[in-house]
Amino acid sequence: MSSRRNDPMGEADVIPLHGPGGRPRPRPTPRRRSLMPPPAETPAEPIVTEQTPAAALPATTAPSELERTVTEVAAFLRRRLAGRYTVDEFGFDPDLNENVILPTLRPLYERWFRVETIGVENVPAEGGALLVANHSGTLPLDALMTVVATHDDLPTPRNLRMLAADLVFGLPGAGALARKAGHTLACSPDAEALLGDGELVGVWPEGFKGIGKAYADRYKLQRFGRGGFVSAALRTGVPIIPCSIVGAEEIYPKIGDLGPIARLLGVPYFPITPTWPLLGPLGLVPLPSKWYIEFGEPIRTDEYEPGAADDPMLVFNLTDQVRENIQQTLYRLLSGRRNAFLG
């Protein structure tokens with residue numbers, strides 16, 4: 001029998017039913033179909049090498065800003081409740097300052113006043129130094145913004161320890177908060193103690209004469225007192241850093257003063273501005289002027305002989321030098337800005 005059949009194509013092969021020798025060819029065993037679906041294959045873990053591109057690595061979910069904030073607040077509260085924080089002899093609480101006070105001031109510094117700092121390299125990264133600045137603005141926001149500047153904008157963050165007037169520590173609640181923020185009375189013993197401990201100390205020698213001056217006298221420095229800050233610097237041998245602040249004069253333009261109310265309240269002045277007291281509480285919102293804070297070149301005091309702090313002429317001359325340095329810097333900064341609000 002032929003192994004080919006007549007096929008229309010003429011090429012089809014026919015598999016014989018019998019194997020060699022006439023024995024039947026064994027049939028293949030049929031496969032059973034499982035009713036269960038095949039198991040899913042587990043993907044192999046990627047092999048990570050130094051040459052593996054970052055895009056090929058599995059994505060990880062980073063914690064959101066809200067999650068980080070909640071975690072930090074929870075950690076802060078645990079520390080406070082457990083008493084795991086330190087306070088120095090002046091009452092300075094660095095943990096509270098870092099986590100509560102500075103974050104409260106930053107929106108004003110960064111978004112409202114848009115403060116720009118100049119000459120940050122002139123502030124020493126460590127050791128005692130006395131920062132001396134002009135004062136203005138009806139309310140002392142210029143001092144608070146300088147505190148943020150020395151912490152956030154310096155290459156090495158530093159806590160500015162301000163010397164404040166007695167009135168600040170006599171106000172209910174304000175005195176305790178000022179102590180916790182690291183500030184103390186504007187007196188020579190406290191100033192010399194802080195400078196001797198290697199702290200960055202800030203002083204505003206114009207005092208209330210500067211902060212409460214009329215808008216017509218803006219950026220004209222008032223008298224710098226009797227030079228007590230210079231004596232403290234000479235006794236401790238620390239550099240004096242002149243600091244010039246432009247922008248604070250425009251936040252509450254003082255156009256009048258209600259003397260009888262000021263005497264009744266026991267404050268140096270009761271200001272009248274274009275928005276206060278006409279607009280009530282809304283008048284307390286400062287105008288969004290553009291600020292510049294410039295740190296001048298340090299004036300060394302360690303080159304003088306011991307006892308130089310007791311030389312009144314030397315103290316007077318150094319005080320006048322610092323004042324003139326700040327005044328000339330103010331004039332230069334003012335000549336370079338377009339207007340008070342755009343800079």
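**Exercise 1. In this predicted model, find which side chain meets R79 in a salt bridge, and work out where the two partners lie.**

Solution. The side chains of R79 and D95 form a salt bridge, with 2.8 Å from N to O. Next, place the partners: R79 belongs to helix α1 and D95 to helix α2, so that the pair links distant parts of the chain, 16 residues apart. Then consider how far each is covered, using the rule that a residue under 20% relative accessible area is buried and one over 50% is exposed, with partly exposed in between. R79, at 23%, is therefore partly exposed, whereas D95 counts as buried because its relative accessibility is 15%.

**Exercise 2. Determine which residues are joined with R79 and D95 into one network of salt bridges.**

Solution. Begin with the side chains of R80 and D93, which meet in a salt bridge at 2.6 Å, N to O. R80 lies in helix α1 while D93 lies in the loop between α1 and α2, so this pair ties together parts of the chain that are 13 residues apart in sequence. D93 has a relative accessibility of 0% and therefore counts as buried. Finally, salt bridges with shared partners join R79, R80, D93 and D95 into one network. The structure as a whole holds 16 salt bridges.

**Exercise 3. Describe the salt bridge between R68 and E65, and explain why the two are separated by about one helical turn.**

Solution. The closest N and O atoms of R68 and E65 are 2.5 Å apart. Both residues are in helix α1 (residues 65-82), and because they are 3 residues apart there, about one helical turn separates them. As for their surroundings, R68 is partly exposed with a relative accessible area of 37%, and E65 is exposed with 53%.

**Exercise 4. Identify the residues with the most contacts inside the largest nonpolar core, and trace which elements supply this core.**

Solution. The largest nonpolar core has 34 residues, and those with the most contacts inside it are I245, W291 and F295. At least two residues of this core come from each of α2 (94-112), β2 (129-133), α3 (141-152), β3 (160-164), β6 (240-246) and β9. The largest share, 6 residues, is supplied by α3. To look more closely at I245, set aside its neighbours within four places in sequence; its contacts then include A133, T146, W204, Y219, W291 and L330. Apart from this core lies another, of 31 residues, among them L163, L221, V230 and A233.

**Exercise 5. Two residues other than glycine, T138 and Y219, have a positive phi; state where each lies and decide whether each is buried or exposed.**

Solution. For T138, phi is near 70°, and the residue lies in the loop between β2 and α3. T138 is buried, because its relative accessible area is 5%. For Y219, phi is near 60°, and the residue is found in the loop between α7 (207-211) and α8 (228-236). With a relative accessible area of 4%, Y219 is buried too.

**Exercise 6. Examine the loop between β8 and β9 by locating its cis peptide bond and the nonpolar surface patch to which V285 contributes.**

Solution. The cis peptide bond joins W276 and P277, with omega about 0°, and P277 lies in the loop between β8 and β9. V285 also lies in this loop, which runs between β8 (271-272) and β9 (292-295). Together with W112, L278, L279 and L282, V285 makes a nonpolar surface patch of about 510 Å². V285 itself is partly exposed, because its relative accessibility is 41%.

**Exercise 7. Judge which stretches of the model call for caution, starting from the average pLDDT of the chain.**

Solution. The chain averages a pLDDT of 87, and 83% of the residues score at least 70. Over residues 1-19, however, pLDDT stays under 50, and the model has 15 contacts beyond four places in sequence for them. Residues 30-35 also stay under 50, and for these the model has 0 such contacts. Where pLDDT is low, the predicted coordinates should not be read in detail.

Note on methods. Residues are numbered from 1 along each chain as its sequence is written. This is a predicted model: local features need pLDDT of at least 70, side-chain atom pairs count only at pLDDT 80 or more; totals for chains, interfaces and linings use all residues. Side-chain values use heavy atoms; hydrogens and water are left out. Patches are made of residues with over 30% relative accessible area and no salt bridge: like charges are joined within 9 Å, nonpolar side chains (Val, Leu, Ile, Met, Phe, Trp, Tyr) within 5 Å. Accessible areas come from the Shrake-Rupley method with a 1.4 Å probe; for residues, only the protein chains shown count as cover. A salt bridge is a side-chain nitrogen of Lys or Arg within 4 Å of a carboxyl oxygen of Asp or Glu. Helices (H or I, at least four residues) and strands (E, at least two) are DSSP runs, numbered from the N terminus. Buried means under 20% relative accessible area, exposed over 50%, partly exposed in between (1.4 Å probe, protein chains only). pLDDT is the predictor's confidence in each residue, from 0 to 100. Contact means heavy atoms within 4.5 Å. A nonpolar core is a set of buried Ala, Val, Leu, Ile, Met, Phe, Trp, Tyr and Cys residues joined through side-chain atoms within 4.5 Å.
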